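Grab a coffee and work through a few short exercises on this protein. Try each task before you read its solution.

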Amino acid sequence: DQDNIPTEWDLSSGENVLWHAALGSETYGVPVVANGKLFIATNNGAGYLDRFPNTVDLGVLLCFDAKSGKFLWQHSSQKLAAGRYADWPDQGVCCSPYADGDRIWFVNNRCEVICVDSDGFHDGTNDGVRTEESDSKGEADVIWSFDMRNELGVKQLYMATCSITGVGNLIFVTTSNGVD
């Protein structure tokens, strides 16, 4: 309710706090709320998936129910083999996601543009790529991806700090090209 936005809150007592959730140890992007869900990019410091405990360094996009804060799903991106100058340790995904309808776009730590279904696998269907490592309800449902490193020769420096937005049926992405 935009007329009743709290101007004060207290995390310890919970005053004016609807919910809270653990994120990674580094979070650069801002949360985006769409379709009753909250999406935020970070690293794997919270370790929501059993197959990737928080000791596994990943870039992740987390999805929570916007009203309850319940964890819904996670997109997981392995670190680049190129090492710290392309994918600095513990930095994760630095891009704020872009939402349009039931599609969410973001650039992961590997400099790949990823489009996911906002429902993940909670809707019981695989809407795009059929090669996800897992189709459990806690996982993202990837619609498509585009690897800017391999397709465009992009060489990010330390991390992919890309921005993404859309107009009509087009998306616009910065590359984070950092070295030649």
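Below are three exercises with their solutions.

This is a predicted model, where local features need pLDDT of at least 70, side-chain atom pairs count only at pLDDT 80 or more, and totals for chains, interfaces and linings use all residues. Residues are numbered from 1 along each chain as its sequence is written, and side-chain values use heavy atoms, with hydrogens and water left out.

**Exercise 1.** Work out the order of the secondary structure elements from the N terminus on.

Solution. Start with the tally: one helix and 10 strands. Helices (H or I, at least four residues) and strands (E, at least two) are DSSP runs, numbered from the N terminus. Now read along the chain, and you get β-β-β-β-β-β-β-β-α-β-β.

**Exercise 2.** Find out how much of the protein is buried.

Solution. First, the cut-off: buried means under 20% relative accessible area, exposed over 50%, and partly exposed in between (1.4 Å probe, protein chains only). Next, apply it to the 180 residues, and buried ones make up 40%.

**Exercise 3.** Place Tyr85 in the structure and decide whether Tyr85 is buried or exposed.

Solution. Look between β4 (71-78) and β5 (98-100): Tyr85 sits in that loop. Then check its relative accessibility, which is 54%, so Tyr85 counts as exposed. Finally, look for partners: Tyr85, Leu157 and Tyr158 make a nonpolar surface patch of about 300 Å². Patches are made of residues with over 30% relative accessible area and no salt bridge (a side-chain nitrogen of Lys or Arg within 4 Å of a carboxyl oxygen of Asp or Glu); like charges are joined within 9 Å, nonpolar side chains (Val, Leu, Ile, Met, Phe, Trp, Tyr) within 5 Å. Areas come from the Shrake-Rupley method with a 1.4 Å probe, and for residues only the protein chains shown count as cover.
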